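Me: I should like to look closely at one part of this structure, a single helix and what lies around it. Could you describe it step by step, and then place it in the wider chain?

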Amino acid sequence: MLVKIYAAALQGVNAQIITIEVNCTKGIKFFLVGLPDISIKESHERITSALEFNAMRFPRTQIVVNMAPADIHKEGAGYDLPLAIGILAGSEKIKADRVSDYLMMGELSLDGQLKPVRGVLSIAIKAKEEGFKGVILPKMNAREAAVVAGLEVYGAENIIDVIQFFNEEKTLERVVVDPRAEFYANQAVAEWDFSEVKGQEQVKRALEVACAGGHNLLFVGAPGAGKSMLAKRIPSILPPLSLSESLETTKIHSVAGKINHNGSLIAARPFRSPHHTISSVAMVGGGSYPQPGEISLAHNGVLFLDEIAEFQKSVLEVLRQPLEDRKITISRSKFTVEYPAGFMLVASMNPCPCGHFNNPNKECVCKPYEVQKYLHRLSGPLLDRIDIQIEIVPVPFEAISDTRPAESSHDIRERVIRARQVQEARFANAPGIYCNAQMHTRLLHKHAQPDVAGLAQLKIAMERLNLSARAYDRILRVARTIADLEDAENVLSHHIAEAIGYRNLDRENWAEM
């Protein structure tokens with residue numbers, strides 16, 4: 001008997017339907033074809049053990065299993081469940097009249113228990129698009145898939161549950177989730193708050209501007225000045241995720257296997273902080289069978305590179321293109337995948353090897369050429385892509401000992417949200433543009449053209465600091481955000497002046513001061 005079962009393979013953050021054809025004839029051999037990897041070929045042993053543990057026997061017939069399309073590489077143990085159901089249906093051990101109505105995925109334990117698989121949200125979305133009645137998944141994956149409206153989602157704990165479901169001996173409980181209710185229920189209060197930060201008012205202002213416009217930011221300061229402390233509080237003042245952003249973020253984390261079991265939608269903006277020993281592949285994604293990297297896991301959130309000067313130069317240079325394109329394309333000989341990478345880059349570094357250059361409390365012991373060499377670990381093209389470069393100095397004792405609470409993250413966030421709303425209205429007719437940091441040259445000329453005094457200031461800064469054309473655009477973008485925070489229609493000279501002040505590392509002979 002020939003039957004067809006449906007599963008899915010992940011390609012990037014999307015899924016591709018896989019048709020599993022099972023033909024059972026006379027004989028005692030087992031053939032598995034269709035470009036499966038080793039883990040799928042091993043499914044025969046897992047299926048045999050699972051069936052025998054549950055008082056069933058693997059069919060004693062010749063079984064040919066084809067996984068189509070044959071040119072797509074299939075990997076992982078998630079095909080155990082559809083293969084097992086296909087073999088049982090093909091050998092007439094279970095009823096085959098409904099098996100093609102459902103898309104199935106799940107890894108089998110030797111006792112028949114179903115283990116969770118990754119990429120479930122993408123698989124469920126594809127099943128809905130292809131018109132399947134529903135999906136059958138491990139119970140721990142069910143809530144994640146159930147956020148897709150109009151699709152029947154069933155969670156099973158054991159292969160016996162699925163067998164009895166198709167034999168109409170038992171019903172599986174349908175998992176139903178209200179995406180909006182789930183989304184708003186998961187929006188938690190940020191763990192860190194700016195009300196706990198003493199002093200650093202100029203830095204907090206720079207962070208407010210950066211979050212309001214989605215600008216990349218670099219802290220430069222001595223150890224203990226508060227760089228990491230401030231960075232951890234950035235998510236508390238970013239605008240909340242929209243439902244569409246939440247779905248997009250959840251898809252990426254689901255494909256990477258980063259969703260908690262029994263979890264559903266990610267409602268908080270990601271904050272990724274990889275160690276400086278990370279490799280280029282782990283940063284941008286890839287591998288023999290590509291997976292999302294840190295820049296994709298930070299999509300719609302923050303990528304924080306602490307002590308950025310300690311990262312390998314090759315790792316930092318691969319960030320240049322994603323910072324511009326907001327996506328990363330990974331090419332292999334037989335396929336190409338694309339991952340979104342729309343993140344806000346926040347980085348920190350010491351001003352010199354000893355960390356005390358420009359520190360009013362401690363003397364720097366580094367030679368001038370050592371300071372220059374240390375700062376030059378960041379290439380000019382990478383610095384050009386960082387809109388705001390701010391210097392942090394240690395907080396004086398008077399500010400540290402002040403017991404009065406500082407301005408809360410809630411108050412700062414309200415201003416940031418209002419500025420973002422202005423930008424959303426401005427770019428309503430510009431597809432793919434959501435904030436000032438994403439403006440291209442044509443939009444800059446239209447929305448960020450400074451007044452005469454501001455243009456004169458900008459000309460002087462360009463000449464004195466020897467800025468590139470990209471840095472010129474960055475200044476205009478930041479100035480437009482500062483104007484939005486003031487609810488100003490036009491970019492004025494004091495907006496330009498503040499934006500120029502956020503280019504600390506561009507100052508002439510900064511490292512020799």
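Reply: The buried residues of helix α4 (residues 120-129) are covered by several elements, including β1 (2-11), β2 (14-25), β5 (102-104), β8 (134-138), α5 (142-145) and α10 (243-255). The model is a predicted one, in which local features need pLDDT of at least 70 and side-chain atom pairs count only at pLDDT 80 or more, while totals for chains, interfaces and linings use all residues. Residues are numbered from 1 along each chain as its sequence is written, and side-chain values use heavy atoms, with hydrogens and water left out.

Helices (H or I, at least four residues) and strands (E, at least two) are DSSP runs, numbered from the N terminus. Seven of the ten residues of α4 are buried, and the helix is thus mostly covered; buried means under 20% relative accessible area, exposed over 50%, and partly exposed in between, with a 1.4 Å probe and protein chains only. The buried residues of α4 are V120, L121, S122, I123, A124, K126 and A127. Just after the helix, G131 takes a positive phi of about 80°.

One of the covering elements, helix α10, contains S254. With a relative accessible area of 2%, S254 counts as buried. Beyond its neighbours within four places in sequence, S254 is in contact (heavy atoms within 4.5 Å) with R118, G119, V120, L121, E144 and I259. Two of these partners, V120 and L121, are among the buried residues of α4.

Another covering element, β8, leads on to a further strand. Strands β8 and β9 run parallel and are joined by five bridges; two strands pair if DSSP finds at least two bridges between them. In general, strands of a sheet pair through backbone hydrogen bonds, either parallel or antiparallel. V135 has V153 in β9 as its bridge partner. Strand β9 (residues 152-156) is largely enclosed by the rest of the structure, because five of its five residues are buried. Its two faces are both covered, with E152, Y154 and A156 buried on one side and V153 and G155 on the other.

The next topic is the nonpolar interior. A nonpolar core is a set of buried Ala, Val, Leu, Ile, Met, Phe, Trp, Tyr and Cys residues joined through side-chain atoms within 4.5 Å. The largest such core has 71 residues, and those touching the most other members are I20, Y79, I85, L103, I136, V162 and F166. Helix α3 (residues 80-90) gives the most to this core, with seven residues. V162, leaving aside neighbours within four places in sequence, is in contact with L81, I85, M104, L114, I136 and A156. Apart from this core lies another, of 51 residues, and A225, I388, F427 and I482 are among its members.

A polar side chain can be buried as well. R46, in helix α2 (residues 43-53), counts as buried at 14% relative accessibility. Its side chain reaches the backbone oxygen of S39 at 2.7 Å. Not counting residues up to four places away in sequence, R46 touches S39, A77, D80, L108, S109 and L110.

Other strands of the chain form an open sheet. Five strands stand in the order β11-β14-β17-β10-β18, with parallel pairing. Its edge strands, β11 (271-272) and β18 (388-392), each pair on one side only. Within the sheet, β10 (residues 217-221) and β17 (residues 344-349) pair in the parallel sense over four bridges, and L218 stands opposite A347 in β17. An antiparallel case is found in β15 (residues 327-331) and β16 (residues 336-340), which five bridges join. These two strands form a hairpin with four residues between them, and I330 stands opposite V337 in β16.

Finally, the chain as a whole may be described. It has 22 helices and 18 strands. Of its 513 residues, 54% count as buried. Its C-alpha atoms fill a box of roughly 85 × 50 × 45 Å, taken along the principal axes. Among contacts between residues at least 6 apart in sequence, 74% join residues at least 24 apart. The contacts of S254 in α10 with V120 and L121 show how the helix at the centre of this request meets another element of the chain.

Key: A polar contact is a pair of N or O atoms within 3.5 Å; within protein, one must be able to donate a hydrogen and the other to accept it, and residues adjacent in sequence count only if both atoms are side-chain atoms.
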